[in-house]
Structures are given as C-alpha cells and as structure tokens.
Amino acid sequence: MLHPRIADISATRHILKTFNLRASKRLGQNFLIDAGVVQAIVNAAEISEGDEVLEIGPGIGTLTQGLLEAGAKVTAVELDKKLPAVLAETLAGYENFKLVQGDILKVDLTELMPPNFKVVANLPYYITTQILLTLLEKKLPITKIVTMVQREVAERMTAAPGSKIYGAMSVAVQFRADVKVAFDVPPEKFLPRPEVTSSVVICDVRESPLKISDEEFFIKVVRAAFGQRRKTLLNSLIGAGFNREKISAALGVAEISADRRAETLSIAEFARLAENLSVEA
Ligand code: SAM
C-alpha cells in the first residue's frame with residue numbers, strides 16, 4: 001500500500017481541515033511538516049526492522065509514519081481524545097502500529113512495552129522535563145531516547161559542571177545516559193511555528209558507573225543543592241532542611257569544600273555527597 005506522506009505542509013493542513021481540527025496550544029501541538037527532519041530523527045534513532053519504539057504524542061502521525069516506514073514496531077501514547085480517529089485514517093494499513101489514548105505520565109510503561117525499547121518523540125514542550133525525568137528515573141528497560149526539545153532544554157541536558165546552566169536536570173539526565181545534541185530544527189519546520197528553536201537530543205541510556213545505593217535520595221540531594229543557586233552548598237542544603245552538622249560531616253568525608261556552589265560539583269561528587277549524607281542521616 002502506498003501511503004501519502006504526512007510530513008508536508010499541504011498534507012498537514014488538509015488533514016486538520018478534513019477533521020475540523022485546530023492545533024491545541026494547551027497540549028503543545030506543533031506538528032512537523034518537513035520530511036527531511038522526520039528522516040533525520042529516524043536516522044538518529046538508528047531504527048532497524050523490528051525495533052520496539054514508544055512514541056510520545058504521535059499527533060496526526062507524522063513522525064510515526066517515518067518510524068513505521070523504517071520497519072519499527074510503534075506503540076504510541078497520545079493524550080488528545082480527538083486524534084485516535086485521525087490516526088486510524090492517516091496510518092491506515094500500517095500493521096505494526098498500536099495506539100494508546102492517555103497521558104504518558106500516567107500510563108504503566110512496564111506493562112505496555114517489552115524489554116529493550118527505544119523512545120522517539122517530538123515532545124509537547126509544556127511537560128518536556130517532567131516526561132524525560134520520569135522516563136529516566138523509573139529505570140525502565142529503555143536503550144535510547146531520541147527527542148525533539150526546546151534548544152534551551154537541550155543545552156541544560158548536556159551542560160557540564162561550571163556552566164551557568166548546569167543544574168539538577170543535567171545531573172539527573174547525565175547520570176543515566178550519554179547525552180548529545182544531534183541537530184537543531186528551526187521554527188518553520190512546524191505547523192504552527194513554535195516561538196523557539198528546537199533541538200533533537202540523543203540519550204544513550206546505560207547503567208550508571210557510579211555507586212549509588214539510593215537513587216531517590218541522590219536526586220533529592222541534587223535538587224536541594226541546586227535549590228538556591230547563589231548560595232553555597234552548605235547553605236542550600238541547610239535551606240532544604242538537612243542538618244548542618246550532618247552536612248558538614250558528609251562534605252568532609254566526601255572531600256568537598258562546604259563553600260563550593262552546586263554548579264561546580266561533578267556527578268561523581270554529588271554521588272559521594274549523597275552516599276555520605278545518607279549514612280549520616
Ligand atoms: N509527533 C507529532 C509531530 O511530530 O508532528 C506531534 C508532536 S506535538 C509537538 C506533541 C504531541 O503530544 C501532541 O500530539 C499532543 O497532543 C501530545 N501530548 C501532549 N501532552 C501529552 C501527554 N501528557 N501524554 C501524551 N501525549 C501528549
């Protein structure tokens with residue numbers, strides 16, 4: 001069956017008009033209209049025949065079509081109740097497509113996906129960070145995440161210690177994955193156009209090489225440390241409710257000076273601090 005290409009401005013306009021739809025700002029709907037960008041995302045995800053892929057927010061099926069054409073088995077989770085009827089038509093005839101109507105933050109992915117799956121998505125920007133952190137913190141059997149995000153989020157995800165934008169997000173992502181920016185995508189590649197430039201980010205998920213016995217506590221310490229960026233580590237942690245003596249002792253054992261700021265700590269140093277603080281707690 002020959003399918004008309006969805007990643008095209010006239011096709012997208014035609015689909016929206018046929019189904020009497022308007023892109024919803026509230027749901028972060030910015031549809032891709034460029035086949036080259038879709039193909040570049042599929043290439044970045046290194047899709048081979050039979051790969052299990054979770055797509056978040058398929059919209060009208062633009063990226064989904066690229067993934068299916070490359071041979072992926074796609075399970076897509078879409079929140080918008082109006083879109084299943086659209087997808088039933090735009091992706092009619094593709095066999096390896098399954099749609100779940102629901103909220104990606106509420107769906108039980110362990111039940112939905114088999115082991116070793118990839119995540120590919122043009123994410124809704126209003127909850128990008130929340131989605132990425134949920135995927136990584138839940139320790140799901142994901143091998144790779146390839147996502148379109150705002151460029152500013154991509155910069156935070158890949159920031160190194162010492163940089164002004166290095167923060168809890170950088171640590172939480174880099175602790176679980178090797179992260180790199182694949183390429184930027186300008187606003188005119190979407191309908192409607194977003195206000196910002198976007199970037200496609202590749203996260204190769206791996207076991208952390210660092211010894212962390214309680215990851216939830218580790219993330220709590222990282223968030224607390226970055227809670228008040230201009231304060232020293234000691235004062236930020238006190239401000240977040242940790243006990244002064246216990247922090248001082250933990251910093252001493254971890255060989256981290258109390259007057260450093262969170263943005264100067266490497267992930268290994270955060271891990272040492274959390275380990276010693278949990279012993280002290
Ligand atoms: N994949 C399509 C594309 O590339 O053209 C659409 C991408 S659009 C930026 C984001 C999609 O995510 C929309 O279809 C939106 O309805 C959907 N969405 C928004 N919030 C969601 C949520 N919490 N769970 C699942 N899908 C969501």
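The legends below describe several views of a predicted model, beginning with the whole chain and moving on to its parts.

**View 1. The whole chain of the predicted model, with its 12 helices and 9 strands.** Along its principal axes, the C-alpha trace of the chain spans about 70 × 35 × 30 Å. A compact globule with 281 residues would have a radius of gyration near 19 Å, and the 21 Å of the chain agrees with this. Of the 281 residues, 52% are buried, while the accessible surface comes to about 13600 Å², with 50% of that surface belonging to carbon and sulfur atoms. Among the contacts in the chain with a separation of 6 or more, 67% are accounted for by residues 24 or more positions apart.

**View 2. The open sheet, built from 7 strands.** Read across the sheet, the strands follow the order S4-S3-S2-S5-S6-S9-S7, and their pairing is mixed. Strand S4 (97–101) and strand S7 (177–185) stand at the edges with a single partner strand each, so that one side of each is left without a neighbour in the sheet. Direction ignored, neighbouring strands of this sheet are turned by 20° against each other on average.

**View 3. The pairing of edge strand S7 with strand S9.** Strand S9 covers residues 198–205 and runs antiparallel to S7, to which it is joined by 8 bridges. Within this pair of strands, Lys180 stands opposite Ile202 in S9.

**View 4. The largest nonpolar core, around Phe218 and Phe270.** This core has 63 residues, and Phe218 and Phe270 are those with the most contacts inside it. Helix H9 (residues 215–227) supplies the largest share of the core, namely 8 residues. When residues up to four places away in sequence are not counted, Phe218 touches Val171, Phe175, Ile212, Ile267, Phe270, Ala271 and Ala274, so the two residues named in the title of this view, Phe218 and Phe270, also touch each other. Apart from this core lies another one, of 38 residues, which includes Ile41, Ala44, Ala45 and Val86.

**View 5. Thr128 in helix H6 and the residues around it.** Helix H6 comprises residues 128–137, and Thr128 lies in this helix. Residues under 20% relative accessible area are classed as buried, and Thr128, at 2% relative accessibility, therefore counts as buried. Leaving aside neighbours within four places in sequence, Thr128 is in contact with Leu123, Val149, Gln150 and Val153.

Notes:
Residues numbered from 1 in each chain as written. Predicted model: local features only at pLDDT ≥ 70, side-chain atom pairs only at ≥ 80, totals over all residues. Heavy atoms only, no water. Pairing = 2+ DSSP bridges. Helix = DSSP H or I, 4+ residues; strand = E, 2+ residues; numbered from the N terminus. Axes fitted to C-alpha atoms, helices over the stretch in contact; angles between N-to-C directions. Buried < 20%, exposed > 50% of the residue type's maximum accessible area, 1.4 Å probe, protein only. Contact = heavy atoms within 4.5 Å. Core = buried A, V, L, I, M, F, W, Y, C linked by side-chain atoms within 4.5 Å. Rg over C-alpha atoms; globule rule 2.2 N^0.38 Å. Areas by Shrake-Rupley, 256 points an atom, 1.4 Å probe, with all protein chains shown as cover.
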